[in-house]
Amino acid sequence: RSNGRSIQGAGIPASMFEKRADITSNVAGLAVEGFVDAIREEAIYTRLGADFLNLTSDARIPVIGKNSTAWMSAENAAAGDGGAALSSVTLSPKRIAGYANISKELLHQNGESVERAVMADLGKSVADNICDAMFSSANVTNAPTAIAQTSGVLTFTETASYADAVSMFADLVLAEQELAENGSLSGSLAYVLHPTFLNQLKRAAQVSGVNPAMAGMDYQQQMVNGYPVYYSSHVGASAGASADGLFCDWSQVKVGMFGG
C-alpha cells in the first residue's frame, strides 16, 4: 500500500524474499539463440558466370573440336575439305550424399529452426564438394572431371622459379597471353586462384614502385589486370613454392544440376 499498489488475490511481502550477494539458481531458464553457422568457403562457382543446366536425363553437348577452315586458292582450283571435327561431352549425374541425425526431443525443444540450420549446412557442404571437383588440379574420386584435367585445356610454362611478390603476377600475365594467342581472350573472363595469390598480388606491382597488381582491396571487388579474381583453397598450392590458378571464359563451363 505504501507504494501505491493494490493487491488482488495473494500477496507476498518483499521482506519474505531472501537476498544474497551471489546465488546460483537451480530453476533459471535457458534460451537458445540463433545458430552460428560453421565456417565454410564461399561457393564462388555460382558467381563466375558458368552455364547452369537443370537436368533429369543425361545431356549431350556437341563440341566443335577444330575450327572450319577456308583457303586462298586459284580461280579454278579444287576446294579443300575445311569442315570442323565434331565431338561431344555428355553430362551425367554424380551423387553427393550425406545425412544428419536429429532427435525428436531436439525438434520438440527447438522447432523447425534446428532442422533448417542443419539442412543449410548440408547444402553448403554440397557446394564445397562441387568447388573441390571443379577447381582441383587433380581429379576427385567419384566426381566430375576437374577443369584442369579436361582434355584440350590450355597450359603454359610458368616462371622458372618462385620469387616473392613477383613471379606469381608474371604467371597470370602468361595465362592471358596463352588465351590471346589461341583466340580465346573474350567472354566471361575471370581468375580463380589459390588464396596464396591474395598475399602476393596485394604486394606485387605492375611496374616497380608504381601501380599495384591488384585493384580494389575489398574482397568482393578485387580485379587483376582488369579481370575479376576469386579465391578458393580447392585450387591447390605448395607452401612457400607455388600456387595454382585457373583463367578462362567461364560461360563455356557447363554445370548440370540433376534433381535440384
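# A walk from His234 through the sheet

Select His234 and Asp128 to begin: their side chains make a polar contact at 3.0 Å. A polar contact here is a pair of N or O atoms within 3.5 Å; within protein, one must be able to donate a hydrogen and the other to accept it, and residues adjacent in sequence count only if both atoms are side-chain atoms.

A word on what you have loaded: this is a predicted model, where local features need pLDDT of at least 70 and side-chain atom pairs count only at pLDDT 80 or more, while totals for chains, interfaces and linings use all residues. Residues are numbered from 1 along each chain as its sequence is written, and side-chain values use heavy atoms, with hydrogens and water left out.

**Stop 1: around His234**

Stay on His234, which sits in the loop between β7 and β8 (237-238). Strands (E, at least two residues) and helices (H or I, at least four) are DSSP runs, numbered from the N terminus. Is His234 buried or exposed? It is buried, with a relative accessible area of 15%; buried means under 20%, exposed over 50%, and partly exposed in between (1.4 Å probe, protein chains only). Now show what His234 touches: Glu41, Asp128, Cys131, Asp132, Phe135 and Ser136, leaving aside residues up to four places away in sequence. Contact means heavy atoms within 4.5 Å.

**Stop 2: helix α2**

Next, select residues 112-135, which form helix α2. From first C-alpha to last, this 24-residue helix reaches 35 Å, close to the 34 Å expected at 1.5 Å a residue. The expected span is 1.5 Å times one less than the number of residues. Colour the buried residues of α2: Val114, Ala117, Ala127, Ile130, Cys131, Ala133, Met134 and Phe135. An α-helix has 3.6 residues a turn, so residues three or four places apart point the same way. The cover over the buried residues of α2 includes α1 (104-110), β4 (189-193), β10 and β11 (254-258).

Pause on Cys131, buried at 1% relative accessible area. Cys248 is buried too, at 17%. How many disulfides does a search of the whole structure find? Zero, where a disulfide would be a pair of cysteine sulfur atoms within 2.5 Å.

**Stop 3: the five-stranded sheet**

Switch to the cartoon view and look for an open sheet of five strands in the order β5-β6-β7-β4-β10, with mixed pairing. Two strands pair if DSSP finds at least two bridges between them. β5 (214-215) and β10 (245-249) are the edge strands, each with a single partner strand, so one side of each has no neighbour in the sheet.

At the β5 end, β5 pairs with β6 (residues 223-224) in the antiparallel sense over two bridges. Select Ala215 there and you will find its bridge partner, Met223, in β6.

Now move to β4. Five of its five residues are buried. Leu189, Tyr191 and Leu193 point one way, Ala190 and Val192 the other. In a regular strand the side chains alternate between the two faces of the sheet. β4 and β10 run antiparallel and are joined by five bridges; Leu189 stands opposite Asp249 in β10. β4 and β7 run parallel, with three bridges, and the bridge partner of Leu193 in β7 is Tyr231.

**Stop 4: a cluster of rings**

Which residues do ring pairs link into a cluster? Show Tyr191, Tyr227 and Phe247 as sticks. Rings of Phe, Tyr and Trp (its six-membered ring) pair if their centres lie within 6.5 Å; planes under 30 degrees apart count as stacked, over 60 as edge-to-face and the rest as tilted.

Across the whole structure there are five aromatic pairs. In one of them, the rings of Tyr191 and Tyr227 have centres 6.4 Å apart and planes at 75°, so the pair is edge-to-face. That pair links β4 to β7 (residues 227-231), 36 residues apart in the chain. Tyr191 is buried at 0% relative accessible area, and Tyr227 at 18%. Tyr227 also forms an edge-to-face pair with Phe247, at 5.2 Å centre to centre and 65° between the planes. This second pair links β7 to β10, 20 residues apart. Phe247 is buried at 11%.

**Stop 5: helix α3**

Finish with α3, residues 167-181: 15 residues reaching 21 Å, close to the 21 Å expected. Its buried residues include Phe169, Leu172 and Leu179, and their cover includes β4, α4 (196-203), β6, β7, β9 (242-243) and β10. Just after α3, click on Gly183, whose phi is positive, near 65°.
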